[in-house]
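Please open the model in your viewer and keep the sequence beside it, so that each selection can be followed in both places. The tour goes from one stop to the next, with something to select at each.

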Amino acid sequence: MFEISARARELLGRLQAFINEQVLPLEADWSAQRLDAQRRWLPFEPIEALQQRARAQGLWNLFLPDTRYGAGLSQLEYAPLAEAMGRSLLAPQVFNCAAPDSGIVELLSLYGSDAQRERWLRPLLAAEMRSALAVSEPGVGSSDPANLVASLAKRPEGYTLHGRKAWVAGGADPRCQILLVLGLSHPEATLSKRYSLALVPRESHGLKLLRNTSLLGFEEAPGGYAEIEFDQVWVPEDAILLGPGRGLEALQACAGSGRLHQGLMLLGLAQRAFDAMLLRARERVVFGKPLGQQALVQVTLARCHAELEQARLQCLNAAATLDRRGSRLARQQIALVKSLLPELSARIIDQAIQLHGASGLGADHFLAQAYAHARGQRIADGPEELHWLALGRMLVEGDRKTGGA
Ligand SMILES: Cc1cc2nc3c(=O)[nH]c(=O)nc-3n(C[C@H](O)[C@H](O)[C@H](O)COP(=O)(O)OP(=O)(O)OC[C@H]3O[C@@H](n4cnc5c(N)ncnc54)[C@H](O)[C@@H]3O)c2cc1C
């Protein structure tokens, strides 16, 4: 039904071999470093060498459909590659396809001026630096953009940025050199034209890292979830992306493919949890027989398998629609992926933890970190309720406005 091209199949084979042979064996060291108080805020050294090898083999920036910057794959071609990378929380970084950089790279490639591309896009494409997106704010309901108050006040030759941002993924990483910050620049305008996106170097005067928030106890070092203060930070006019008052428009324009890619990666993570669950069911003996011989376990496995198959088809359908009809007309399919995948993957990983008994909860098992990650995605990039609401609204409004089937 969803045929992938010979090129994508060839890339997938090489990508899977790379992940199995070179990435998965490093995961235990990576996790250990992230739990080590002395070393957790340092970049994981082996990543650089892996990135060089991945780049040399053409397994690089695979998510970018624009051949000037990336592999030039269609969404349908990229879909199985994203799922394969998603099996490991480490892998997307190795192939330079990890959020938040992937979203910021996409924004810069679409809307960056020549100067912005030269200064920020080029090194991000080469993984010479990392980036972060600062939208949410402490103390206000950030699901609703109308609540955001960090200001970008107009001055004669630029703006001053003032306020606090929270949950900035990757904001604490020593490699992070650029933040894309949403600021209130046109308070009197209608909501869609009220905010601008500013490119703010991490070293800017007045920018201060206040603290890191952990995610269900995992600090996600060295990236962290940073709370950052901007105290009258100077932003020159040419550091505004796309144009003044067009911040929400820019974020919205990239949401389609970004949400699909995150959904596919969650699918990969949940599939890995399922595979681990299946192995456990075959090998672990309780009450005189393998777990998998218990009827209750068989039904659980069958249901999880069915849900993963359905989710995969939904993702592929969204990818094909995005290719065929563009992001505006694929909004229903993308909203479905974004609403469904975080909850589904968190639930399947939770089930895999259950079947692993206490060992599934241990901080050194991939399942515990995978669960924290998937659970976080039910809230990151807007809580899932908002995406269900958006989908419901599109269904009620019908074909004409949304392009729905
Ligand atoms: C893992 C993770 C990574 C993140 N990364 C980033 C990042 O890189 N940059 C960044 O700026 N932010 C980031 N965030 C923050 C995230 O975008 C916000 O947490 C999210 O938008 C929700 O805002 P809030 O936490 O203020 O919740 P609130 O707005 O206070 O909402 C609380 C809850 O209310 C419910 N709710 C909200 N609206 C409705 C509604 N209309 N109907 C029914 N229920 C509703 C939902 O259950 C929601 O979870 C991240 C968050 C997480 C968990």
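In which sense do strand β2 and strand β3 pair, and over how many bridges? If you select residues 151-155 for β2 and residues 158-169 for β3 in this predicted model, you will find that the two strands pair in the antiparallel sense, over five bridges. Now look at the link from one strand to the other, where a hairpin of two residues joins β2 to β3. To see one of the pairings in detail, select A153 and then T160, which is the bridge partner of A153 in β3.

Keep β3 on the screen and add β7, residues 225-236, because the pairing continues there: DSSP pairs two strands if it finds at least two bridges between them, and nine bridges join β3 to β7. These two strands run antiparallel, and a useful pair to pick out is K165 with I228, since K165 stands opposite I228 in β7. While you turn the view, remember that in a regular strand the side chains alternate between the two faces of the sheet.

Next, add β6, residues 207-213, which is joined to β7 by six bridges, again with an antiparallel run. Select T213 and Y225 together, and you will see T213 standing opposite Y225 of β7. The loop between β6 and β7 holds P222, and the peptide bond that leads from A221 to P222 is cis, with omega near 0°.

A second cis peptide bond can be visited by selecting A99 and P100, which are joined with an omega of about 0°. P100 is found in the loop between α5, residues 91-94, and α6, residues 101-111. In that loop between α5 and α6 you can also select N96, whose phi is near 55°, a positive value in a residue other than glycine. For comparison, most residues other than glycine have a negative phi, and most peptide bonds are trans.

Which residues make the contact between helix α4 and helix α9? Begin by selecting residues 75-86 for α4 and residues 295-329 for α9, which pack at an angle of about 145° with their axes 8 Å apart. The crossing of these two helices is right-handed. From α4 the contact takes Q75, L76, A79 and E83, and from α9 it takes R312, L316, A319, A320, L322 and D323. By type, the residues of this contact divide into six nonpolar, one polar and three charged.

The last stop is the ligand, which is surrounded by 22 residues, the closest being V135, S136, S143, W167 and E385. Select E385 first, where a polar side-chain atom lies 2.6 Å from an oxygen atom of the ligand. Then move to V135, where a polar backbone atom is 2.7 Å from a ligand oxygen, and finish at V140, where the distance between a polar backbone atom and an oxygen atom of the ligand is 3.3 Å.

How values were computed:
Residues numbered from 1 in each chain as written. Predicted model: local features only at pLDDT ≥ 70, side-chain atom pairs only at ≥ 80, totals over all residues. Heavy atoms only, no water. Helix = DSSP H or I, 4+ residues; strand = E, 2+ residues; numbered from the N terminus. Axes fitted to C-alpha atoms, helices over the stretch in contact; angles between N-to-C directions. Left-handed = near helix turned anticlockwise from the far one by under 90°. Contact = heavy atoms within 4.5 Å. Nonpolar A, V, L, I, M, F, W, Y, C, P; charged D, E, K, R; others polar. Near = heavy atom within 4 Å. Polar contact = N/O pair within 3.5 Å; in protein donor to acceptor, adjacent residues only side chain to side chain.
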